[in-house]
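User: Please go through this model with me, taking the core and the domains in turn.

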Amino acid sequence: MSVLPSRVAALLRCLRPVHRFYSSPVVQVPPPVNEPTLSFAPGSEERACVEKALGDLHGHVEEIPCVVGGREIFTGNLQKQVSPYDHQRVIAHYHYADKDLINEAIGCALEAKRQWEDTPYEHRAAVFLRMADLISTKYRYQVIATTMLGQGKTVLQAEIDSTCETIDFFRFAVKQGLDLQGQPSVHSPRIWNRLEYRALEGFIASISPFNFTAIGANLGATPTLMGNATLWKPSDTAMLSNWTMFKILREAGLPPGVVNFVPAPGPLFGDTVTDSPDLAGVSFTGSSTTFKHLWKLTGKKLDTYKTFPRIVGECGGKNYHFVHPSADVDNVVFCSVRGAFEYCGQKCSATSRMYVPESLWTEIRDKMVAITKEIRVGSPEDFRNFIAAVIDAKSFQKISGYLDYANSSDELTLLAGGSADDSVGYFVQPTIYQTTNPRNKLMQEEIFGPVLTVYVYPDSEAEEMLEVVNSTSVYGLTGAVFSNDRYFILKAMSVLRHSAGNFYINDKSTGSVVGQQPFGGSRGSGTNDKAGAVSYLQKWVSPMSVKEATAPCTEWSYPSVDQ
Ligand SMILES: NC(=O)c1ccc[n+]([C@@H]2O[C@H](COP(=O)([O-])OP(=O)(O)OC[C@H]3O[C@@H](n4cnc5c(N)ncnc54)[C@H](O)[C@@H]3O)[C@@H](O)[C@H]2O)c1
Ligand SMILES: N[C@@H](CCC=O)C(=O)O
């Protein structure tokens with residue numbers, strides 16, 4: 001048979017438009033909406049429920065095992081978790097894993113992953129939707145109470161974190177996980193192109209911080225939505241709430257070994273997981289120091305891995321409020337008090353440096369100082385208190401060190417607070433300093449406590465000050481500009497472009513909401529993969545392009561080759 005006709009046909013095929021097919025999702029998922037935040041106002045039903053849940057925990061000391069491949073393991077290396085606002089009150093004993101158990105957990109994760117990654121997306125998603133519903137209903141008050149007790153959150157802070165944000169993480173992830181599985185829309189004749197969204201090859205080490213129960217749950221569980229298996233190392237000081245979350249994952253039907261709950265000393269865990277050739281990813285949230293250490297460890301061991309581990313890290317911040325002379329004073333005052341002092345300044349996004357024009361300073365100072373003096377500090381179980389204690393002795397000492405330095409520095413004037421007392425709990429008074437040096441270390445370093453430092457600038461230098469804001473700290477997490485001058489806002493956004501991953505206009509630097517303001521920063525604040533967004537989930541898939549020919553190849557040469 002002559003090759004010419006088929007060559008001509010091939011040529012004609014090249015000239016014809018390619019066929020296009022439009023794919024539709026195989027399944028649809030319930031459209032996610034943010035979980036409504038309950039008020040816990042006096043007399044409300046939810047107030048009564050949370051009081052009961054707190055009452056149920058009185059005198060109770062939870063014993064927390066490691067859970068590896070679905071087996072609860074009580075190693076006997078017992079640690080204790082205390083309540084930060086009453087450090088004599090032990091709320092949990094937890095068992096530390098050793099190196100061998102961490103390695104066993106890696107083996108279990110790899111084993112469990114085989115079946116889990118072959119499980120269709122909708123079945124994995126169903127578990128996540130179930131987890132969200134269990135938290136929203138049956139376990140809402142238990143999750144809140146364990147977060148209040150263990151991490152010292154007031155009821156509203158526990159609600160927005162441990163229930164609302166966790167629920168949002170899970171429900172939005174289900175939708176985002178589907179959205180990210182886009183398919184090629186162009187197919188040449190007799191070719192079908194597909195993308196298979198594989199889990200990563202290996203296991204994921206999820207290492208979470210103390211300050212958000214939701215972050216623990218998100219780091220521990222969410223990568224598994226895409227078919228992965230994790231080792232979740234919770235923070236020592238968030239153990240009780242994180243254990244409560246883990247039990248909910250289990251009850252929702254997450255198969256054994258998909259998430260392995262592995263309390264362990266941080267450095268031992270870090271060293272052991274990075275020693276494994278099967279390390280496929282690190283999902284970390286915590287301090288920049290710990291993250292850099294982990295990154296260096298993986299870098300040093302890079303030649304030992306089967307694949308390049310994905311490294312995601314969300315870290316610290318030195319978040320600012322910049323006030324322009326055109327700003328609304330009361331808005332600045334209320335936002336700054338909340339931004340700086342809610343949860344004792346222990347949100348990574350907490351406002352900790354502030355720039356105020358001379359013309360507004362007297363009014364802003366007087367109002368902020370008056371409110372700060374009114375703030376009640378004490379046990380969150382007493383609903384009159386606005387903030388409780390900082391997380392532990394180490395943090396208390398670190399913050400006290402900053403107060404000692406500031407109280408004796410010529411560059412800083414104490415306006416409110418400035419004292420701390422750890423006789424019962426780790427209490428630090430909400431504190432405001434004014435500095436004469438915009439680059440004083442209180443304007444640069446993350447303190448992670450209720451300490452706000454203010455620099456007052458001449459009104460005429462507002463634009464020049466933006467560069468000072470931009471270049472003062474190594475972080476780039478959150479920041480806010482308060483102004484009613486649109487051109488100034490525009491200018492600020494340009495100069496401060498890389499100073500914040502979450503930028504606020506006329507609002508506080510804290511309080512991002514999943515699905516609305518994807519969260520994360522760059523510079524020293526991390527890899528900015530945006531928790532709660534599709535970009536975070538994307539890190540946990542390794543797409544495979546599949547090209548399938550639906551008819552055989554009929555020739556080996558080209559029309560351009562003369563016969
Ligand atoms: N950017 C964000 O989204 C975000 C969110 C929450 C908290 N944070 C940051 O987290 C910090 C507070 O959290 P923290 O005090 O729990 O942080 P941390 O760095 O002390 O601890 C975080 C986790 O790392 C573990 N760890 C410690 N050393 C380790 C090692 N060598 N190897 C492996 N794991 C190790 C800890 O046990 C803990 O589980 C603040 O800096 C805050 O800004 C950032
Ligand atoms: N989502 C939180 C930050 C989490 C870090 O601690 C906020 O925006 O306040």
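**Core and domains**

Analyst: Of the 150 residues in the largest nonpolar core, Ile102, Ala105, Phe128, Leu231, Val262 and Ile399 touch the most other members. Such a core is a set of buried Ala, Val, Leu, Ile, Met, Phe, Trp, Tyr and Cys residues joined through C-beta atoms within 7 Å, where buried requires 20 or more other C-beta atoms within 10 Å of the residue's own, exposed 12 or fewer, partly exposed in between, with C-beta atoms placed from the backbone. This is a predicted model, in which local features need pLDDT of at least 70, side-chain atom pairs count only at pLDDT 80 or more, and totals for chains, interfaces and linings use all residues. Residues are numbered from 1 along each chain as its sequence is written, while chains are lettered from A and ligands numbered from 1 in the order in which they are written.

User: Which helix gives the most residues to this core?

Analyst: Helices (H or I, at least four residues) and strands (E, at least two) are DSSP runs numbered from the N terminus. With 10 residues, the main contributor is the helix spanning residues 155-179, α6.

User: Where does the core lie with respect to the domains?

Analyst: Domain bounds come from an automatic or database domain assignment, which divides the chain into domain 1 (45-313 + 526-546) and domain 2 (319-505). Because both domain 1 and domain 2 give residues to the core, it lies between them.

User: How far apart are the C-alpha centres of domain 1 and domain 2?

Analyst: For domain 1 and domain 2, the C-alpha centres are separated by 31 Å.
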